[in-house]
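Please look over the model shown here before reading the report on selected strands and helices.

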Amino acid sequence: MTTLAFVLGDQLSPTLSSLTDADPADTVVLMAEVADETGYVRHHQAKIAFLFSAMRHHAAALGAAGWRVDYVRLEDADNSGSFTGELARAIERHAPDRIVVTESGEWRVAAMLDSWSTRFGLPVEIRGDDRFLASHADFGEWAGRQRGLTMEWFYREQRARYGLLMDGAKPAGGRWNFDKENRKPVAGDLLMPRPLSFAPDEITLEVLDLVRRRFGNHPGSLDGFDWAVTAADAQRQAEAFFAHALPRFGDYEDAMVTGERHLWHSILSPYLNAGLLLPLDLCRRAEAEYRAGRAPINSVEGYVRQILGWREYMRGIYWREGPDYTKRNFLGHTRPLPGWYWTGETDLHCQREAIGQTLATAHAHHIQRLMVTGNFALLIGADPMQVQQWYLEVYIDAYEWVEAPNTLGMSQFGDGGLLSTKPYISSGAYIDRMSDYCRHCRYDVKQRVGPDACPFNALYWDFLARHEDKLRGNGRLRGPYRTWDRFAPETQGEVRAQAAGYLATLDAGGAVY
């Protein structure tokens, strides 16, 4: 009996469920680079290069371990351009008795997998992805017991279930959450760690040439490409993070500094989401640093919460809410994103830093995404589907299962509060508090109106006024609305006129800000 095991591009784990009980002697592993997956959005050039190189390295590793690998390259003469088309061709080549595949991470691809058995007249076994720590059934069971889908309660159950950062039945350090300790701005004299840099090998150089030729019109740049593309190098990056950055990660995880792209962040999400690293392993290793006294509880708990809490929770929401989740638009926003989201050419220094870094490296940390680029898009009323597409295009770690709930639900409040208890909005004051960006900006973060006023300020208050009918009853916005109510009517009018001027210029296609 011949089994054809189809391994998708974000399933680069040797312990993948579709391979765990397979016999290499009668199994063919199919991997394919296909045009459909490079073109459904205009992915950042570095993301395509990373995945293709990582796939080719993984295929070589599987071959060295004794697997028979049928690898289809993008420019192979007969490449059909789709997963289904490549499966059809592989069936002709190998005449398998059955197909085994690990479930997809996205609704779009899941629909393809579901069609294969009928289409090809073969048994197709779609296995759960046990690299995640909560199955669809696990999340559904938890959600079914809740009055509201608050991530914190999911996270606490996950902690207890896996015994992570637990002292018996109690959380390590006496608290479940140390988030209040993790909001420090960075002092200018701190020596920041640097992630490892990996020089492209022959395989990666070949892929970089391919991407330049085929996808040179996509966002971003390949200059200085130095991402790890093997599990071994991803592990080296993880070890460097745990040794040098984790101890101060918690204190400064929300901080932003001009010219500093990574600070104390791990830069491991691309490897985790592609399967080169495994989530439980990273959580256990972080906990070991705490137990050994090498990293404080606020850093380790904050890191574990991002993986065990937010990452798993976002996946659960994505699959529970269904394929139409991405179409929700609670606030009725329709404005196009400003063109400088694709160029970084803006006088707003915070945006120039976050977007410029994104285009250069395909990466930015979560506060840059949420409170700089996402915050501004929400304040101007950008179409959440366009915002979501932008995030999916430009980030190396973006897959719809994690990117859509983060963008639509958390960043843009498109689901009306299913995921987030309030819109993540701020004036320029938050950015000023958590960064040095405002010191380098031509706008004055202290001014609400006038030609030099920070646009975030008027837009913040205008957002609250525009959406008063939907948001005034939100308990977490009670304070901001009380403040707005204390503004004199003429002050409110000036602020709203200032915001209207910004929005009118955007609508006219002007080079605003």
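The report below takes up one strand, then one helix, then a pair of helices.

This is a predicted model, in which local features need pLDDT of at least 70 and side-chain atom pairs count only at pLDDT 80 or more, while totals for chains, interfaces and linings use all residues. Residues are numbered from 1 along each chain as its sequence is written, and side-chain values use heavy atoms, with hydrogens and water left out.

Strand β1 (residues 3-6) is covered on both faces, with Thr-3 and Ala-5 buried on one side and Leu-4 and Phe-6 buried on the other; buried means under 20% relative accessible area, with a 1.4 Å probe and protein chains only. The pairings of β1, for which DSSP must find at least two bridges between two strands, are tabulated here.

| Partner of β1 | Bridges and direction | Residue opposite Ala-5 |
|---|---|---|
| β2 (residues 27-32) | four bridges, parallel | Val-29 |
| β4 (residues 98-102) | four bridges, parallel | Val-100 |

Helix α10 (residues 279-291) buries Pro-279, Leu-282, Cys-283, Arg-285, Ala-286, Glu-287 and Glu-289, and these buried residues pack against β6 (166-167), α8 (231-249), α9 (269-274) and α11 (297-321), where contact means heavy atoms within 4.5 Å. Just after α10, Gly-293 takes a positive phi of about 80 degrees.

Helices α17 (residues 455-466) and α19 (residues 478-486) pack at about 100 degrees, their axes 11 Å apart, and are therefore roughly perpendicular, a term covering angles of 65 to 115 degrees. Tyr-460, Trp-461, Leu-464 and Ala-465 of α17 meet Pro-480, Tyr-481, Thr-483 and Trp-484 of α19.

Note on methods
Buried < 20%, exposed > 50% of the residue type's maximum accessible area, 1.4 Å probe, protein only. Helix = DSSP H or I, 4+ residues; strand = E, 2+ residues; numbered from the N terminus. Axes fitted to C-alpha atoms, helices over the stretch in contact; angles between N-to-C directions. Parallel < 35°, antiparallel > 145°, perpendicular 65-115°, else oblique.
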